[in-house]
Amino acid sequence: MKSQPRLNRERAKELLAEVDLLVSRAQQPAALRKSVVQLLNLEPTYNWVGLYLLKGGELRIDSWKGPAPTTHTSIPLGKGICGFAAKSGRTEIVSDVSKDPRYLQCFASTRSEITVPILHEGKVVAEIDIDGDVANAHSSVDREFLEALAAKISKFCV
Ligand code: SME
């Protein structure tokens, strides 16, 4: 079985500092969102990274980085793990996607997923969706890291 190092707190701290730098230099919201997605995809357990914006009651893909595009370019609220998290406003960590009936498959390689809503002024405006190629790729470290990141970039997602 493949094994990949999970994100640790030290690395999460470094990444948040890099995000701070990107935010301080940001000129265009769309470019900032793209840079953040690219940065995240460098992590070994972040094999596909997408940022969706919530528009017209559905999640619409804005920026992504990974081996292939997703077929799920728009996801209604409540559908899939992404739509579920966007509706609840709470992070979802799925350690084995094959066991989650909500899961909408994009890539045959995906084994686990973390989906983090981005809130602005108390409302979900966007979401980060990350697929991992090994089961159980993400932990509470990823949750805390990505929620902190979401707070830093939320104003660029409206
Ligand atoms: N798996 C997601 C759909 C998005 S793709 O993974 C990019 C879901 O269940 O909502």
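Q: How many side chains of the protein are positive and how many are negative, and how far apart do the centres of the two sets lie?
A: In this predicted model, the protein carries 21 positive and 19 negative side chains. Lys and Arg are the residues that count as positive, and Asp and Glu those that count as negative. The centres of the two sets lie 3 Å apart.

Q: What makes the protein as compact as a globular protein of its length?
A: Its secondary structure comes to four helices and six strands, which follow one another from the N terminus in the order α-α-β-β-β-α-β-β-β-α. The radius of gyration of the protein is 14 Å, and the globule rule gives 15 Å for 158 residues, so the two values are close and the protein is as compact as a globular protein of that length. Taken along the principal axes, the box that the C-alpha atoms fill is roughly 40 × 35 × 25 Å.

Q: What share of the contacts with a separation of 6 or more comes from residues 24 or more positions apart, and what share of the residues counts as buried?
A: Residues 24 or more positions apart account for 54% of those contacts. Of the 158 residues, 46% count as buried, a word that stands for a relative accessible area under 20%. The protein exposes about 8100 Å², of which carbon and sulfur atoms supply 51%.

Q: Why is strand S5 called mostly covered?
A: Strand S5 spans residues 112-120, and seven of its nine residues are buried. Buried means under 20% relative accessible area, and the count of seven out of nine is what the description of S5 as mostly covered rests on. Strand S6 is mostly covered as well, with nine of its 10 residues buried.

Q: How do you know that S5 pairs with other strands, and which strands are they?
A: Two strands are said to pair if there are at least two bridges between them. Strand S4, residues 92-94, is joined to S5 by three bridges in the antiparallel sense, and one example is the bridge between Glu92 and Thr115 of S5. Strand S6, residues 123-132, is joined to S5 by nine bridges, and these two strands also run antiparallel. Three bridges and nine bridges both satisfy the requirement of at least two, so S5 pairs with S4 and with S6.

Q: Which residues stand opposite Ala126 of S6?
A: Ile118 stands opposite Ala126, and Leu53 also stands opposite Ala126. Strand S1, residues 48-55, runs antiparallel to S6 and is joined to it by six bridges. Elsewhere in S6, Lys123 is the bridge partner of His120.

Q: What makes Glu121 exposed, and where does this residue lie?
A: Glu121 lies in the loop between S5 and S6, two strands that form a hairpin with two residues between them. Its relative accessible area is 73%, and exposed means over 50%, so Glu121 is exposed. The phi of Glu121 is positive, about 50°, although the residue is not a glycine.

Q: Why is Asn136 called partly exposed?
A: The relative accessible area of Asn136 is 42%, which falls between the 20% under which a residue is buried and the 50% over which it is exposed, so Asn136 is partly exposed. Asn136 lies in the loop between S6 and helix H4, residues 140-153, and its phi is near 60°, a positive value in a residue other than glycine.

Q: How do you know whether Asp100 is buried or exposed?
A: The relative accessible area of Asp100 is 14%, and the cut-off for buried is under 20%, so Asp100 is buried. The residue is placed in the loop between S4 and S5, where it touches Ile81 and Val94, leaving aside residues up to four places away in sequence. Asp100 and Ser140 are 40 residues apart in sequence, and their C-alpha atoms are 19 Å apart in space.

Q: Which residues of helix H3 are buried, and what do they pack against?
A: In H3, residues 80-88, the buried residues are Gly80, Ile81, Cys82, Gly83, Ala85 and Ala86. They pack against S1, strand S2 (58-65), strand S3 (74-76), S4, S5 and S6. After H3 comes Gly89, whose phi is positive, near 75°.

Definitions and conventions:
Residues numbered from 1 in each chain as written. Predicted model: local features only at pLDDT ≥ 70, side-chain atom pairs only at ≥ 80, totals over all residues. Heavy atoms only, no water. Rg over C-alpha atoms; globule rule 2.2 N^0.38 Å. Buried < 20%, exposed > 50% of the residue type's maximum accessible area, 1.4 Å probe, protein only. Contact = heavy atoms within 4.5 Å. Areas by Shrake-Rupley, 256 points an atom, 1.4 Å probe, with all protein chains shown as cover. Charge placed at Lys NZ, Arg CZ, Asp CG, Glu CD.
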